Amino acid sequence: MSAEYQAILWNRNKKLYDLTIAVGVVLFLGSFVGIGIATRPQATIETLLIRGFGAGALLLLHVVLAIGPLCRLDERFLPLLYNRRHLGVCAFALALAHGGFSIVQFHGLGVLHPLVSVLASNGNYDSLTQFPFQALGLLALVILFLLAATSHDFWLTNLTAPVWKSLHMLVYVAYGLILVHVALGSLQAPERPPVLAALLGLGFAGIASLHLVAGWRERARVPAAAAKGSAVDVCAVSDIPLDRARVFLLSGERVAVFRYREDDGERIAAVSNVCQHQNGPLGEGRVIDGCITCPWHGYQYRPEDGCSPPPFRETIPTFNVRVEAGRVLVDPKPNRPGRHAEPARIDVGPEATT
């Protein structure tokens, strides 16, 4: 978290992350061009670079889309998530190089403006097999530019987390456009390489499967809760690990119920499961130095009022909670973000310390 906006808050992890990306991109492009020269000596270096940049962008986009569900399935993938936006910006840069080289080579010498030529050179918009695939690529590039341009926390804060998240869900629209763009381009190419079609299908199947499995696992992890008057009996106190949480679905909203220790005993508090930074799963985090800490990027909130510690100003909704006979009861109606909700005291006994 930062009280002031800076271009990039560099640290050792970010430097290693970006260095790994840069080395990987250089090695991929060098290998792609080298193999292309060896197997297709008739291809020009410009053509190989165009294809290399495009293939690199598509590969990185698959990595970006795979990181989220992989982190839901296994916490060991979380280090990839912390700076995932760097991968997205790099994917846009490769896509921009691919699109720029393509427009210059195929549309730069005509009488029409190159961008107009991209949209007008092929008018078969009513044909499935001859559809102008370059127009789809241009639209995908515009979406990737929008996502890269708004990747900084300045936009996240000023657009608000829900709007920013909805905007960045357009990455799936861009992904679909790129898949169709590449598939149609391959279909309309003279050589029609079958390997490319197989790789596209494999990549799409992999991304779809990861999301479906992660969604199923998350749904299975959210247990049913029994109503008890105006509150909901969610679990026993001993079911919640110390300084961790369990997540429950109450009135259509995921609620993270935390158990943590203070100087005079243990407490139970309930807050929204959604971090205000990038909608991270707070319930998968832990209480560190008295604050609920998001596992994605380390944003913190006080469990008693859902407020970030000063000088930060993020707030999340809280829920009223009480403990009766060793059971945790949560009012499913959320309080407004930042409102104090007194945590429930629990006795530290054999059941509570399990």
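This report walks through a predicted model of one protein chain, from its overall build down to a few local details.

## The big picture

Let's start with the whole chain. Its C-alpha atoms fill a box of roughly 80 × 40 × 35 Å along the principal axes. Inside that box you'll find ten helices and twelve strands. The chain has 354 residues, and buried ones make up 41% of them.

How do distant parts of the sequence meet? Take the contacts between residues at least 6 apart in sequence: 55% of these join residues at least 24 apart.

## Two nonpolar cores

In soluble globular proteins, nonpolar side chains tend to be buried together. Here, the largest nonpolar core has 55 residues. The ones with the most contacts inside this core are Val 25, Leu 60, Leu 87, Ile 178, Phe 258 and Leu 282. Helix α2, which covers residues 45-73, gives the most to this core, with ten residues.

There is also a second, separate core, made of 17 residues. Among its members are Ile 240, Ala 270, Phe 319 and Val 321.

## A look at helix α9

Helix α9 runs over residues 171-188, so to speak a stretch of 18 residues. From its first C-alpha to its last, α9 reaches 25 Å, close to the 26 Å expected at 1.5 Å a residue.

Which residues of α9 are buried? The list includes Val 171, Ala 174, Tyr 175, Leu 177, Leu 179, Val 182 and Leu 184. His 181, Gly 185 and Ser 186 are on the list of buried α9 residues too. So is Ile 178, which you've already met as one of the well-connected residues in the largest core.

## Salt bridges

Side chains of opposite charge can pair when their charged atoms come close. This structure holds twelve salt bridges. One of them joins Asp 74 and Arg 76, with the closest N and O atoms 2.6 Å apart. Asp 74 is partly exposed, at 21% relative accessible area, while Arg 76 is exposed, at 70%.

Another links Arg 261 to Glu 266, and here the closest N and O atoms are 3.7 Å apart. Is Glu 266 buried or exposed? Glu 266 is buried, with a relative accessible area of 0%, whereas its partner Arg 261 is partly exposed at 49%. Then there's Asp 305 with Arg 302, at 2.8 Å between the closest N and O atoms. Asp 305 counts as buried at 10% relative accessibility, and Arg 302 counts as partly exposed at 24%. Finally, Glu 262, Asp 264, Arg 267 and Arg 345 are linked in a network of salt bridges.

## Around Thr 318

Thr 318 sits in strand β9, which spans residues 318-319. With a relative accessible area of 1%, Thr 318 is buried, because that value is under 20%. The Thr 318 side chain reaches the backbone oxygen of Arg 339 at 2.9 Å.

What else does Thr 318 touch, leaving aside neighbours within four places in sequence? Its contacts include Ala 270, Val 271, Glu 304, Gly 306, Pro 334, Asn 335, Arg 336 and Ala 341. Asp 305 is one of the contacts of Thr 318 as well, and this is the residue that forms a salt bridge with Arg 302. Ala 270 also turns up elsewhere, as a member of the second core.

## Aromatic pairs

The count of aromatic pairs comes to five. Tyr 125 and Phe 131 form an edge-to-face pair, 5.4 Å centre to centre and with 85 degrees between the planes. Both are partly exposed: Tyr 125 at 40% relative accessible area and Phe 131 at 21%.

Phe 154 and Trp 155 form an edge-to-face pair too, at 5.3 Å centre to centre and 90 degrees between the planes. Phe 154 is partly exposed, with a relative accessible area of 35%, and Trp 155 counts as partly exposed at 35%.

## Backbone details in the loops

A few loops are worth a look. The peptide bond from Pro 310 to Pro 311 is cis, with omega near 10 degrees. Pro 311 lies in the loop between β8 (300-301) and β9.

Asp 243 has a positive phi of about 65 degrees, although it is not a glycine. You'll find Asp 243 in the loop between β2 (231-236) and β3 (244-250), where it counts as partly exposed at 26% relative accessibility. Asp 289 has a positive phi too, near 55 degrees. That residue, Asp 289, lies in the loop between β6 (286-288) and β7 (291-293), and counts as exposed at 76% relative accessibility.

Terms used:
Residues numbered from 1 in each chain as written. Heavy atoms only, no water. Salt bridge = Lys/Arg side-chain N within 4 Å of Asp/Glu carboxyl O. Buried < 20%, exposed > 50% of the residue type's maximum accessible area, 1.4 Å probe, protein only. Helix = DSSP H or I, 4+ residues; strand = E, 2+ residues; numbered from the N terminus. Expected span 1.5 Å × (residues − 1). Polar contact = N/O pair within 3.5 Å; in protein donor to acceptor, adjacent residues only side chain to side chain. Contact = heavy atoms within 4.5 Å. Phe/Tyr/Trp six-rings, centres within 6.5 Å; stacked < 30°, edge-to-face > 60°. Core = buried A, V, L, I, M, F, W, Y, C linked by side-chain atoms within 4.5 Å.
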